[in-house]
Structure formats: C-alpha cells, structure tokens
Amino acid sequence: MAASAAQTRPALDWAAPQPTCLPPPKPSTGSGTCHGALLVAMGHLDAFHLLGADPWDIPALVPIIKEAGGAFSHLFRTREKNRQVALFSNVSLHRQIVEIAQSAS
C-alpha cells in the first residue's frame, strides 16, 4: 500500500526488507490508536491504516469519521485472536485503498 501512496508518514522505505533505522514513533504515540483516524476526520491525513486494533479501538471512531465525511472499512482480522485491521480515509480515495489492500493480502 505504501508503494502506491504519494507520501507516507512516517517517511520510510516501506519496500526495504529491513529498515536501516528504527521506525519513528507512530502518529498515535501517547494518545492511543485513535489519533490517526482523528487526523483523517480533521482533514490532516487522507488515510489511516490501523494495524492490529483491539475490538474496542474502532467503534467510537466510525461515527466521527462518517460525520466528518470520511469512510471506514474493516479490512481483515489478523492471526492473533480478535485483532483487526481497519482503514479510515476520505471517500475519494477509500475504494482505491481497499482494492490495493485486498490485492496485497
């Protein structure tokens, strides 16, 4: 997915088999997993891909994203019990990002 994006945060070479440096803290560090989704709702990010979310991480964010004019999708469950992968994005990019994610899995 990162290879298809014009810009990613953090700005790493996501295609490299092993990053040359430690990844920087995720945007939600210190504020919970909702921070990236809220940045989408405010228009600061086009999309936020939430990896390994617990079931309680997502439900409160869905109405916020939808009321802000965005879109949400559960992409799939991870191998770990009840862990989920979710996508929050603006509506103009949502279908394209879902298609990229589904083709990569």
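Ser89 is found in strand 3. In this predicted model, the residue is buried, because its relative accessible area is 0% and the cut-off for buried is under 20%. Leaving out residues up to four places away in sequence, Ser89 touches Val40, Asp46, Ala47, Gly70, Ala71, His94 and Ile97. One of these neighbours, His94, also meets Ser89 through a polar contact between the two side chains, at 2.6 Å.

His94 has another serine partner. The side chain of Ser73 makes a polar contact with the side chain of His94, at 2.7 Å. Ser73 sits in strand 2. Ser73 counts as buried because its relative accessible area, 17%, falls under 20%. Its contacts, not counting residues up to four places away in sequence, are Val85, Ala86, Leu87, His94 and Val98.

Cys34 gives a contrast. It lies in the segment before helix 1 (35–41). Its relative accessible area is 26%, so Cys34 is partly exposed. The C-alpha atoms of Cys34 and Asp57 are 7.1 Å apart, although 23 residues separate the two along the chain.

The table sets the three residues side by side.

| Residue | Place | Relative accessible area |
|---|---|---|
| Ser89 | strand 3 | 0%, buried |
| Ser73 | strand 2 | 17%, buried |
| Cys34 | segment before helix 1 | 26%, partly exposed |

Now step back to the whole chain. It has 3 helices and 3 strands. From the N terminus on, they run α-β-α-β-β-α. Of the 105 residues, 29% are buried. Take the contacts between residues at least 6 apart in sequence: 49% of them join residues at least 24 apart.

Helix 3 covers residues 91–104. Its 14 residues reach 21 Å from first C-alpha to last, close to the 20 Å expected at 1.5 Å a residue. Which residues of helix 3 are buried? They are His94, Ile97, Val98 and Ala101. Seen down the helix axis, the buried residues fall within an arc of 105°, so they line one face of helix 3. The spacing fits a general rule. An α-helix has 3.6 residues a turn, so residues three or four places apart point the same way. The face of helix 3 turned away from the buried side carries the exposed residues Ser92, Arg95 and Ser103.

Next come the nonpolar cores. The largest has 14 residues. Those with the most contacts inside it are Ala37, Phe48, Leu50, Ile58, Phe72, Ala86 and Phe88. Helix 1, strand 1 (47–53), helix 2 (61–67) and strand 3 each supply at least two residues of this core. Apart from it lies another core, of 6 residues, with Leu75, Val85, Val98 and Ala101 among them.

Leu50 shows how a core residue is surrounded. Setting aside neighbours within four places in sequence, Leu50 is in contact with Thr33, Ile58, Gln84, Val85, Ala86 and Phe88.

How many aromatic pairs does the structure hold? There is 1. Phe72 and Phe88 form it, with ring centres 5.2 Å apart. The angle between the planes is 35°, and the pair is tilted. The pair links distant parts of the chain: Phe72 is in strand 2 (residues 70–77) and Phe88 in strand 3 (residues 84–90), 16 residues apart. Both Phe72 and Phe88 are buried.

Terms used: Residues are numbered from 1 along each chain as its sequence is written. This is a predicted model: local features need pLDDT of at least 70, side-chain atom pairs count only at pLDDT 80 or more; totals for chains, interfaces and linings use all residues. Side-chain values use heavy atoms; hydrogens and water are left out. Rings of Phe, Tyr and Trp (its six-membered ring) pair if their centres lie within 6.5 Å; planes under 30 degrees apart count as stacked, over 60 as edge-to-face and the rest as tilted. Helices (H or I, at least four residues) and strands (E, at least two) are DSSP runs, numbered from the N terminus. Buried means under 20% relative accessible area, exposed over 50%, partly exposed in between (1.4 Å probe, protein chains only). The expected span of a helix is 1.5 Å times one less than its number of residues. The arc is that of the directions from the helix axis to the C-beta atoms. A polar contact is a pair of N or O atoms within 3.5 Å; within protein, one must be able to donate a hydrogen and the other to accept it, and residues adjacent in sequence count only if both atoms are side-chain atoms. Contact means heavy atoms within 4.5 Å. A nonpolar core is a set of buried Ala, Val, Leu, Ile, Met, Phe, Trp, Tyr and Cys residues joined through side-chain atoms within 4.5 Å.
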